[in-house]
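Visitor: I am new to this structure and should like to be guided through its charged side chains. May we begin?

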Amino acid sequence: QEKEAAALALKQLEAEEAEYQNQLLAQLEEAETAELEAKLREKQEIKQTLLEQMQWEKNNAPTISEAPELEKCGTSSAQCFSGEDASSKERTKMQQEQIKQWCAQQVSERKQKECLEMEEQMAYARHVLDQDEVLGEIQRQEDQERALMVKSVQQYNREQAEKSKLERMIQRQDDMADGETLIKQAKQSSFLSEDTGVAQSALSPHRYRPDHFKGFDPGLVEKIYRENDAVLSERQEKEREEREYEEEWANHQAAVIEKLEEAELDQTAQIRESNLQQAIFLELQRKELAEKQRQSERDRFGAISVESGGLFSRFGTSLS
């Protein structure tokens, strides 16, 4: 499918290039035709200008005359004067033919050059397409090899994981079997069991071998546990009593501090009230002392003013 698509794209590119060449040739032909028509119009304009100049005064001698009418010409018309260009029309026609040949040759060379350039472009395009196809094939092969490598690595990892899983399972089973064997041996071994009778001396039932001591008998162990529980309960009870005593002491201290604060506040209020009363009393005493001083001054020097009833209070009045 990819090759068919590439071939189809190549054909489409060739068709587009052929269409482009045809358009280019048509444009060149149109340009050349327009150029020739422009030159022809220019020549016609020059000829018209010359004909118009022939009608001017002092310039009415035509250089190229029309074909003579033989019925109106005599024998003198066959004369050929010196300086007359009898082959000008043939020469002009030949020059025009040469110009046409040169133009056609230039157009042909230009078309050949464009065709060569187009062929080179087509060859380069085919080379690029071939190169892209080769690179695409290499890329596809590389992708396939990479995919195969990834799959092989995944398969190898999967096999290794299953192998490791199987080894761990076998190891776990072996460990469990070894553990069961050790447990069975420990249960069956009198040395590793918790049988306290192993430590009993053969000489006397009240003597024990320190190297075979397995602990106390269950009754003694239970007694030790009960004593430990009693000690722990007693300790917890003491701690609880201490906490209660500390809480009571803290409450007592808080109550004492509260009462002391209230007493201090009352004392502060009493001191403030006493200070206020003393200030009022001192102010009254100060006023009384000032009044006494003023009275003493009046009594010492005597008053002479009319308002105070002094010496001038009865001045100018009748004795009656």
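Guide: Let us start with K39, which is partly exposed, with a relative accessible area of 38%. Please bear in mind that the model is predicted.

Visitor: With which side chain does K39 meet in a salt bridge?
Guide: K39 lies in helix α1, which covers residues 2–54. Four residues from K39, about one turn of the helix, lies another residue of helix α1. That residue counts as partly exposed, at 45% relative accessibility. The two side chains meet at 3.8 Å, N to O, and the partner of K39 is E35.

Visitor: What is the N to O distance in the salt bridge of E244 and R240?
Guide: E244 and R240 are four residues apart in helix α3, so about one helical turn separates them. E244 counts as partly exposed at 36% relative accessibility, and R240 does at 32%. A salt bridge requires a nitrogen to oxygen distance within 4 Å. For E244 and R240 the distance is 2.6 Å.

Visitor: Is E283 buried, partly exposed or exposed?
Guide: E283 lies in helix α3, three residues from R286, and their side chains form a salt bridge of 2.5 Å, N to O. Partly exposed covers the range between 20% and 50% relative accessible area. Because its relative accessibility is 37%, E283 counts as partly exposed.

Visitor: Which helix holds E242?
Guide: E242 belongs to a surface patch of negative charge, together with E239, E241, E246, E247 and E248. The helix in which E242 is found spans residues 218–301, and this is helix α3.

Technical notes: Residues are numbered from 1 along each chain as its sequence is written. This is a predicted model: local features need pLDDT of at least 70, side-chain atom pairs count only at pLDDT 80 or more; totals for chains, interfaces and linings use all residues. Side-chain values use heavy atoms; hydrogens and water are left out. Patches are made of residues with over 30% relative accessible area and no salt bridge: like charges are joined within 9 Å, nonpolar side chains (Val, Leu, Ile, Met, Phe, Trp, Tyr) within 5 Å. Accessible areas come from the Shrake-Rupley method with a 1.4 Å probe; for residues, only the protein chains shown count as cover. Lys and Arg count as positive and Asp and Glu as negative; His and the chain ends are not counted. The place of a charge is taken as NZ of Lys, CZ of Arg, CG of Asp or CD of Glu. Helices (H or I, at least four residues) and strands (E, at least two) are DSSP runs, numbered from the N terminus. Buried means under 20% relative accessible area, exposed over 50%, partly exposed in between (1.4 Å probe, protein chains only).
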